Amino acid sequence: HQTGEHAGLLEDYFGPEEYARLRQLSREAAARRVRGGPKVLILPGIMGSKIGKRGRFSIFDDVYWFDPVDIGLGKLVELALNGAATRLEPLGVMLIAYLKLKLRLQIGGYDAQFHAFDWRRSIAHLGREFVGVLRENGGEQANVVAHSMGGLVARWALGNGAKCRRLVMLGTPNYGSFAPVMALRATYPVVRKIGALDLRHTPEDLARGVFSTFPGLTQMLPSPER
């Protein structure tokens with residue numbers, strides 16, 4: 001962002017106006033960054049981490065989510081949690097959604113880092129992973145900013161022995177959400193759009209064969225008590 005290298009590609013990804021804003025924020029973050037500032041771990045929401053196969057170098061990563069070409073070829077079905085899915089892993093966060101947050105925290109003097117996770121997995125599975133991540137990043141001295149499902153992952157970790165200085169949840173469905181209901185019924189707008197991209201599967205196919213296999217999604221169904 002700061003040097004303008006690959007400006008054309010980044011403008012295509014973010015759009016010209018958003019790219020210009022991010023480039024300015026990146027310069028401000030570099031100028032104001034405080035070495036050794038308070039640690040902040042940023043957890044994305046469901047579908048906010050890229051999922052795929054890791055290459056020898058990051059430029060050779062094979063991203064399944066979210067790659068429109070692979071989706072068009074029908075490869076999204078490989079995200080389904082079955083025996084073959086163990087070869088897929090989180091490959092970073094969706095920068096288009098979370099880079100601005102990270103830069104603003106860095107401008108504020110925080111040492112902000114992303115924690116990508118495999119949102120297909122159960123909240124307990126992801127929470128156990130995050131217990132170790134928190135411990136490695138200072139535990140009680142670390143702050144956590146968690147969006148949507150990320151807040152549930154952080155809550156699980158804190159409820160099972162992990163500690164942090166402060167947890168900020170952004171739009172976390174603490175009592176569930178109707179979005180998973182719509183996703184499982186193939187009526188959620190994102191599922192409809194993905195189905196339109198997929199030349200081999202309908203939204204209903206993806207809901208039944210892919211999204212319904214994600215414990216992380218089904219665990220966010222609305223709480224009956226609420």
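In the predicted model, 4 strands form an open sheet, and their pairing is parallel. The strand order is β5-β1-β6-β7. Strands β5 (111–114) and β7 (166–170) stand at the edges. Each of these edge strands pairs on one side only. From one strand to the next, the twist averages 20°. Strand β6 covers residues 143–147 and runs parallel to β7. The two are joined by 5 bridges. One bridge partnership involves V145, whose partner in β7 is V168.

Helices lie across this sheet. Helix α4 spans residues 95–107 and lies across β1 (39–43), β5, β6 and β7. Its direction makes an angle of about 165° with β5. Helix α5, residues 123–136, lies across β1 and β6. Relative to β1, helix α5 runs at about 160°.

Another open sheet has 3 strands, in the order β3-β2-β4. Here the pairing is antiparallel. Strands β3 and β4 are at the edges and have a single partner strand each, so one side of each lacks a neighbour in the sheet. Neighbouring strands of this sheet are turned by 45° against each other on average, direction ignored. Strands β2 and β4 run antiparallel and are joined by 3 bridges. At the level of residues, S49 has V93 in β4 as its bridge partner.

Charged side chains add further links. Side chains of opposite charge can pair when their charged atoms come close. The structure holds 9 salt bridges. One of them joins R54 and E89, with the closest N and O atoms 3.2 Å apart. R54 lies in the loop between β2 (49–53) and β3 (62–65), while E89 belongs to strand β4 (residues 89–93), so the pair ties together parts that are 35 residues apart in sequence. How accessible is each partner of this pair? R54 has 47% relative accessibility and therefore counts as partly exposed. E89, at 30% relative accessibility, also counts as partly exposed.

Helices α8 and α9 are connected in a similar way. The side chains of E204 and R192 meet in a salt bridge, at 2.9 Å from N to O. E204 sits in helix α9 (residues 203–209), and R192 sits in helix α8 (residues 189–197). The pair links distant parts of the chain, 12 residues apart. E204 has a relative accessible area of 32%, so this residue is partly exposed. R192 is partly exposed as well, with a relative accessible area of 38%.

A further salt bridge lies within helix α9. Which residues does this bridge join? The side chains of R208 and D205 meet at 3.0 Å, N to O. Both residues lie in helix α9 and are 3 residues apart, about one turn of the helix. Are these partners buried or exposed? R208 is exposed, because its relative accessible area is 56% and exposed means over 50%. D205 is partly exposed, with a relative accessible area of 29%.

Salt bridges also form a network in this model. D118, R120 and R121 are linked in this way.

Terms used:
Residues numbered from 1 in each chain as written. Predicted model: local features only at pLDDT ≥ 70, side-chain atom pairs only at ≥ 80, totals over all residues. Heavy atoms only, no water. Salt bridge = Lys/Arg side-chain N within 4 Å of Asp/Glu carboxyl O. Buried < 20%, exposed > 50% of the residue type's maximum accessible area, 1.4 Å probe, protein only. Pairing = 2+ DSSP bridges. Axes fitted to C-alpha atoms, helices over the stretch in contact; angles between N-to-C directions. Contact = heavy atoms within 4.5 Å.
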